[in-house]
Amino acid sequence: MSDLPERSRLVQRHLADAGVEAEIRVLPDSARTAPEAAAAIGCDVAAIANSLVFVADGAPVLVMTSGCHRADLGALARSIGAATVAMAPASVVREATGQAIGGVAPVGHPSRLRTYIDEDLRECDVIWAAAGHPHTVMPLTFDSLRLLTGGEVIAVA
């Protein structure tokens, strides 16, 4: 674990505290996009869980989406009951998560974020999520992702 970046070590502690066994992998190159991550891991892009931070009615929320599609802001707003939803700027992402865009993990944030999980991720036996740094990823199941985040399952596309 000592070879992991600091933010990934924090994610590892959150996994351990939740009783979730997942080995964080350090990739040789950045995996900032779903296609980059899928190529590096050797999985289908649908199994990549993009961690996206949005501002919904003025508050940051985390949305875990399947890498095979983009979040539809209108569908997202309807699913979470928000009047307005927009992508969060990098400064808000960093403040809300303590992590850089491209490496945002579902956990390890300064405080718990309201989280929503794309129902399409349910179709994957293994989901790959960022682990706090653009060069780290971790395998999760849909159930362990829900356990870790307390996320509500919604339609995002």
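Two strands are said to pair if DSSP finds at least two bridges between them. In this predicted model, strand β3 and strand β5 (residues 114–118) satisfy that criterion, being joined by four bridges and running parallel. Within this pairing, V61 has R114 of β5 as its bridge partner.

On β3 there is also a pairing with strand β2 (residues 48–56), here antiparallel and extending over eight bridges. One of the residue pairs involved is V55 with P60, the latter lying in β3. The hairpin formed by β2 and β3 has two residues between the strands. D57 lies in this loop and has a positive phi of about 50° although it is not a glycine. Most residues other than glycine have a negative phi. With a relative accessibility of 44%, D57 counts as partly exposed, because that class lies between the limits of 20% for buried and 50% for exposed. The strand that follows presents another picture: six of the eight residues of β3 (residues 59–66) are buried, so β3 is largely enclosed by the rest of the structure.

The nonpolar interior may be considered next. The largest nonpolar core holds 29 residues, of which V11, L15, M64, L121, M138 and L140 touch the most other members. Elements that each supply at least two residues of this core are α1 (6–18), β2, β3, α4 (90–97), β6 (127–130), β7 (136–140) and α5 (142–149). The largest share, three residues, comes from α5. Leaving aside residues up to four places away in sequence, L15 touches V20, A22, I24, M138, L140 and L148. A second core, separate from this one, comprises 12 residues, among them A56, L76, I80 and I154.

Two of these named members of the second core, L76 and I80, are also among the buried residues of helix α3 (residues 73–80), together with A75 and A77. The cover over the buried residues of α3 includes β2, β3, β4 (85–87), β5 and β8 (152–154). At its N-terminal end, α3 is capped by D72, a side-chain oxygen of which lies 2.9 Å from the backbone nitrogen of G74. After the helix comes G81, with a positive phi near 70°.

Strand β5 contains an acidic residue, D118. D118 is buried yet has no salt bridge, the nearest side chain of opposite charge being that of R122, 8.7 Å away. A salt bridge would require a side-chain nitrogen of Lys or Arg within 4 Å of a carboxyl oxygen, so the separation from R122 does not qualify. Polar contacts are nevertheless present around D118. Its side chain makes a polar contact of 2.8 Å with the side chain of H69, and a polar atom of the D118 side chain lies 2.9 Å from the backbone nitrogen of D120. Not counting residues up to four places away in sequence, D118 touches M64, T65, S66, H69, F142, I154 and V156. Among these, M64 is also one of the residues with the most contacts to other members of the largest core, and I154 belongs to the second core.

A further aspartate, D143, lies in helix α5. D143 has a relative accessibility of 58% and therefore counts as exposed, whereas D118 is buried. D143 and R122 are 21 residues apart in sequence, and their C-alpha atoms are 8.4 Å apart in space.

Methods. Residues numbered from 1 in each chain as written. Predicted model: local features only at pLDDT ≥ 70, side-chain atom pairs only at ≥ 80, totals over all residues. Heavy atoms only, no water. Buried < 20%, exposed > 50% of the residue type's maximum accessible area, 1.4 Å probe, protein only. Core = buried A, V, L, I, M, F, W, Y, C linked by side-chain atoms within 4.5 Å. Contact = heavy atoms within 4.5 Å. Lys, Arg positive; Asp, Glu negative; His and termini not counted. Polar contact = N/O pair within 3.5 Å; in protein donor to acceptor, adjacent residues only side chain to side chain.
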